[in-house]
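Work through these short exercises with the model open. Each task is followed by its solution.

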Amino acid sequence: MDMVSVLLAFFPVIAIFFLLLVYRVAADTAGYIGWGVAALVAWLYFQTPLEVVLTASVAGLVASLPIALVMAASIMQITLMQETGAVARVVALMKTIAPGQQTVQIMIINVGFGILLTSLGAVTVSILPPIMIALGYSTFAAILLPAIGYDALCTYALLGIPAVVFAQFVGKPVQEVGLYFAYYMPVISTCIALGMLQLTGGTAMVKKGLVPALLAGVTAGVVAILMAHAGLVTITGIAAGLAVILVLVGYVKVTGKTLQDRALLNEKDLAAEARLSLPRALSPWILLTIFSLILNAPFLPFFKLTFVDLAMPLEIIPGSPEKLRVLWQAYFWVVVCTFLALPIMRATGEQVRRGLKTSAKRAMRPIMSASVFFAIAYVMNHSGKGLDWKLAVPTHNMIYVMADASAGVFGKFYAAMAPFLGMLGGFISGSESSSIAMLTKLHLSTAEKIGASGVVVAAGSAIGGGLASVISPAKLQNAASSIDKIREASTAIRPAFVVSMLITAVCAAMTMYWAY
C-alpha cells in the first residue's frame, strides 16, 4: 500500500482533528470541512463517481436521524421543562439529598441521576452543574463530574440510540450486541466512579468513598448485564440509573446517615416546590419511562410491531435500505411524552411558544454536528464503488486502505488500539454514535485481517467513544456555560484527559483479552 493512499485515506480525520485542536473551530464547522475533504479525496483520488459520493452522503444524513432528531427532541423537552418550572422543582429535590456526604452525593447525582436522565434524553451537563454549585462543590467539580458520571453507560444514552446505531453497522440485532457492551460495564463504571472521586478530592476522597463508588459502579454494570440477558437493551440506562439511586439510598439508610435535609433550600427552591409538585415536574420522564417499557418489553407485541413490522425502509443506496422505524425511535416518544405532559406541568401558551422558539435556536447546530459525521462515514465506507455500488478495486476504498495500514502497523495489538481510536472519534465528533458511525467499518475490516473478533473490537472502540464525553470541548463548555463560567471549561480538560486515558487503557486491555 503506497504512503500517498494511506495519508489521503486518513486525511479527513486528521483535518478535523487539527481544526478542533489547533484552530479551535466549532465541531459542526469542522464537520462540514471534513465532509468536503472526504468527498474530494473519494472523488478525485479514489475514483468514486460524484453521484456515489453525494448519494452516500444523503444516506449518511438519513442514518443520522435517530441521534440528530433525539438531540433536538431532548433540547425541546428540557427547554419546555425549564419554562414551566419543572427543572427548578427537580433541582430543589436534588439539593436536599444526602447532606454532608460528598461521596454519596457525587454518586447519586452524577452517576445515578446522570445515567437515568441521559437515557431519557435529558442534557445532564446543562442540568447538574447548577445543582453541584448549590451543594457547595467547586466550579471545577461542577463542570467535570456531570460530564463523566454517565460515560460508562453512554452506549445506552437517549434510549439506547448508540447501541442501535452500532447494531445497524455490524449487522446484528440490538439485543445481541447489548451483551458485547454489557460485560465491560461493571469494570468501566467502577473505574469512572473512582475517577470522579480522584478528580474531586484526590486519594483521600477515593479512600473515603470507596464503598459508595464500588456500589454505584458494580450496580450499574450488573444491571446492564441483566438487561442485556432480558432483551431490554434500549432501556438499560433507565434501569441502571434507578438501581444506582436505590442502592445508594439503601446504603445511607443502613449506615444511619441523614438521607434528606431541607435546610439547604432557599426561597427560590421553596417557590418552585409550591408551584409544581414533584410528580407533575417529572411527568415527561415518567411518561417516557412507561412508554419505553411498553415498547421494548419482549413479552409484548409492540417492539416487533414498531421495530420490525413498521421498520419503514428507505432505499437510498441500492440493496442497503435505511430503516427509519419512526414509531419506535426515541425522538418520536420524547416529543409525544413532552406534549402529553404539558397540561400536567400546567404549561401556559406563552411558556410553550417561548420554549419552542428557544429550543429551535438551540437545536440546529447540534443536529447538523451529529449529521455531518455520519455523512463523512458513509462517504468513506462507500468510496471506490462504481455506479453499480460494487467495489471492483479494494485499494480504491478509503476504509480498506486505513484497515490495511492499521493492521500492518499494529498487528494483533490493533484490538488494544481500537478503544483509543474510539476515544479520538468521540472527541472529534462530539458523540459516541458519531464515533461508531465513523469507525465501525474500519474496525470490522481490520479485525478480519488480524484474526480478531470484529464485533468485540468495534464494541471496545464504542466504549472509548463514550469515554470521550469528559474531554469533549462542546460538553465541557455546555456544563461551564450553565453556571456562567465558560472560561473555566478549558481548565478541566487536562485532568479529565488523564482520567479518561487511564480508563480507556483498562477498556483496551479488556478488548485485547476478549478479541482473540
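**Exercise 1: the nonpolar patch**

The largest share of the nonpolar patch comes from α16, which gives three residues. This is a predicted model.

Task: find which residues form the nonpolar patch on the surface, and place M312.

Solution.
- Step 1. The patch is formed by I286, I290, I294, F299, L300, F302, L305, L310 and M312. Together they have about 750 Å² of accessible area.
- Step 2. Two elements give two or more residues to the patch: α16 (283-296) and α17 (302-309).
- Step 3. M312 sits in the loop between α17 and β1 (313-317). Its relative accessibility is 32%, so M312 counts as partly exposed.

**Exercise 2: two salt bridges**

Task: state which parts the E83 and R354 pair ties together. Then decide whether R89 and E273 are buried or exposed.

Solution.
- Step 1. The side chains of E83 and R354 form a salt bridge, 2.8 Å from N to O. E83 belongs to helix α4 (residues 65-84) and R354 to helix α19, so the bridge ties parts 271 residues apart in sequence.
- Step 2. E83 has a relative accessible area of 21%, so it is partly exposed. R354 is partly exposed too, at 36%.
- Step 3. R89 and E273 also meet in a salt bridge, at 3.9 Å from N to O. R89 lies in helix α5 (residues 86-95) and E273 in helix α14 (residues 267-275), so this pair joins parts 184 residues apart in sequence.
- Step 4. Both R89 and E273 are buried.

Conventions:
Residues numbered from 1 in each chain as written. Predicted model: local features only at pLDDT ≥ 70, side-chain atom pairs only at ≥ 80, totals over all residues. Heavy atoms only, no water. Patch = residues over 30% accessible without salt bridge, like charges linked within 9 Å, V, L, I, M, F, W, Y side chains within 5 Å. Areas by Shrake-Rupley, 256 points an atom, 1.4 Å probe, with all protein chains shown as cover. Salt bridge = Lys/Arg side-chain N within 4 Å of Asp/Glu carboxyl O. Helix = DSSP H or I, 4+ residues; strand = E, 2+ residues; numbered from the N terminus. Buried < 20%, exposed > 50% of the residue type's maximum accessible area, 1.4 Å probe, protein only.
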